[in-house]
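User: I should like to learn how to read the features of a structural model, from strands and helices to ligand shells. Please take me through them step by step.

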Amino acid sequence: MAKSGFNVKEAFYTLQGEGARAGRASVFIRFSKCNLWNGKESGRGAAVCQFCDTDIVGTDGQNGGTYNQQALVELALSLWPQLTDDTKSKPYVVFTGGEPALQLTESLVSDFQQAGFECAVESNGTLPLPTNLDWVCISPKGTSEIVVKQCDELKLVYPQVDLSPDAVSGISASYFYLSPMADYGEQNSGMIIRENMQAATQYCLDHPQWRMSLQTHKLLGID
Ligand SMILES: C[S@@+](CC[C@H](N)C(=O)[O-])C[C@H]1O[C@@H](n2cnc3c(N)ncnc32)[C@H](O)[C@@H]1O
Ligand SMILES: Nc1nc2[nH]cc(C(=O)O)c2c(=O)[nH]1
Ligand code: SF4
Ligand SMILES: [Mg+2]
């Protein structure tokens with residue numbers, strides 16, 4: 001945690017849109033900032049990751065702010081539905097960003113688990129992650145060096161000019177997904193680009209180790 005607390009761009013309740021757990025109700029906590037892009041349109045050209053579809057700057061989003069550990073757990077609990085008749089649904093939190101590894105600590109994950117949450121992360125894999133996470137999704141970017149060599153799912157945005165799927169298939173994962181690159185930048189329409197869907201489809205057909213992941217939250221228009 002930074003001295004003043006965790007810097008959160010936004011936090012909201014939605015359905016996980018991507019990967020093996022798509023469709024699952026989740027609290028998303030989006031930490032501010034990334035180590036592979038400064039978040040400014042003017043900085044895209046010089047960034048290691050140039051196609052980010054997300055506003056990662058500041059703390060001005062829905063429920064955004066700077067939180068101490070307890071306040072962040074309480075925020076997440078307040079976003080989870082308070083059902084008395086649904087004992088089977090374990091609260092689920094997805095830490096994302098920006099790059100969550102810049103801020104996430106084992107202590108924060110542990111406090112979320114104590115509060116009843118199963119904890120997942122979406123990370124670019126370039127920084128060490130807490131070891132007590134329940135689900136790790138790694139999404140490698142361009143020429144960046146990956147230090148997280150083992151994960152639950154590897155989800156590669158496709159196509160990337162400087163990173164082919166066979167270059168990352170050495171990372172140990174239970175699932176390998178291609179996610180067709182969606183629109184980004186000033187024109188960001190929230191749409192998945194048709195040619196990228198077609199290219200990803202062909203790659204999955206030719207290499208059955210890889211499965212398709214669509215950003216279903218964009219198709220549903222929910223966030
Ligand atoms: C915004 S990132 C934040 C987490 C982390 N920094 C990472 O890159 O994995 C969340 C997810 O969105 C994916 N993503 C970002 N831009 C995308 C785009 N234009 N099209 C499809 N997926 C994208 C990332 O690859 C990652 O899986
Ligand atoms: N609904 C929804 N599912 C997601 N899965 C990964 C996301 C992310 O930006 O990390 C994301 C997101 O932004 N929204
Ligand atoms: S690594 Fe993730 S958060 Fe950072 S710029 Fe790329 S997609 Fe966005
Ligand atoms: Mg997203």
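User: Is strand β2 (residues 25–31) largely enclosed by the rest of the structure or exposed, and what indicates this?

Analyst: This is a predicted model. The general idea is to count the buried residues of the strand, where a residue is buried if 20 or more other C-beta atoms lie within 10 Å of its own. In β2, 6 of the 7 residues are buried, so the strand is largely enclosed by the rest of the structure.

User: Which strand is joined to β2 in the antiparallel sense, and by how many bridges?

Analyst: Pairing is read from the bridges between strands. Strand β1 (residues 6–15) runs antiparallel to β2, and 7 bridges join the two. For a specific position, Thr14 has Ser26 of β2 as its bridge partner.

User: Which strand pairs with β2 in the parallel sense?

Analyst: That strand is β4 (residues 92–96), which is linked to β2 over 4 bridges. Here Ile29 has Phe95 in β4 as its bridge partner. As a general point on reading such strands, side chains in a regular strand alternate between the two faces of the sheet.

User: Turning to helix α1 (residues 69–79), which of its residues are buried?

Analyst: For a helix, one asks which residues are buried and then how they are placed around the axis. In α1 the buried residues are Leu72, Val73 and Ala76. They span an arc of only 100° around the axis, which puts them on the same side of α1. Gln70 and Ser78, on the other side of the helix, are exposed.

User: Against which elements do the buried residues of α1 pack?

Analyst: They pack against the strands β1, β2, β3 (65–67) and β4, and against helix α2 (106–114).

User: Which residues does UniProt list for "binding site"?

Analyst: An annotation is best read together with the spatial arrangement. The unreviewed UniProt entry lists Cys34, Cys49 and Cys52 under that feature. These residues are spread over 19 residues of sequence, yet they cluster in space, with a largest C-alpha distance of 10.3 Å. Cys34, Cys49 and Cys52 are also among the residues that surround ligand 3.

User: Where does Cys49 lie, and is Cys49 buried or exposed?

Analyst: Cys49 is in the loop between β2 and β3. It is buried, with 21 other C-beta atoms within 10 Å. Residues up to four places away in sequence aside, Cys49 touches Leu36, Trp37, Asn124, Lys141 and Gly142.

User: What are the place and contacts of Cys52?

Analyst: Cys52 is located in the loop between β2 and β3. Cys52 is buried, with 21 other C-beta atoms within 10 Å. Its contacts, setting aside neighbours within four places in sequence, are Trp37 and Tyr184.

User: How do the residues of the shell around ligand 3 divide by class?

Analyst: The composition of a shell is read by sorting its residues into classes. Around ligand 3 there are 6 nonpolar, 4 polar and 2 charged residues. The shell around ligand 2 has 1 nonpolar, 6 polar and 3 charged residues. Among the residues surrounding ligand 2 are Thr14, Glu122, His217 and Asp223.

User: Which residues come nearest to ligand 1?

Analyst: Of the 18 residues around ligand 1, the nearest are Asp53, Thr54, Asn124, Ser139 and Ala182. Strands β5 (118–123) and β7 (150–158) each supply at least two residues of this shell. By class, the shell around ligand 1 comprises 7 nonpolar, 7 polar and 4 charged residues.

Conventions
Residues numbered from 1 in each chain as written. Chains lettered and ligands numbered in written order. Predicted model: local features only at pLDDT ≥ 70, side-chain atom pairs only at ≥ 80, totals over all residues. Buried ≥ 20, exposed ≤ 12 C-beta atoms within 10 Å, placed from the backbone. Pairing = 2+ DSSP bridges. Arc of directions from axis to C-beta. Contact = placed C-beta atoms within 7 Å. Near = placed C-beta within 6 Å. Nonpolar A, V, L, I, M, F, W, Y, C, P; charged D, E, K, R; others polar. UniProt positions renumbered as here; feature names shortened; annotations may be inferred.
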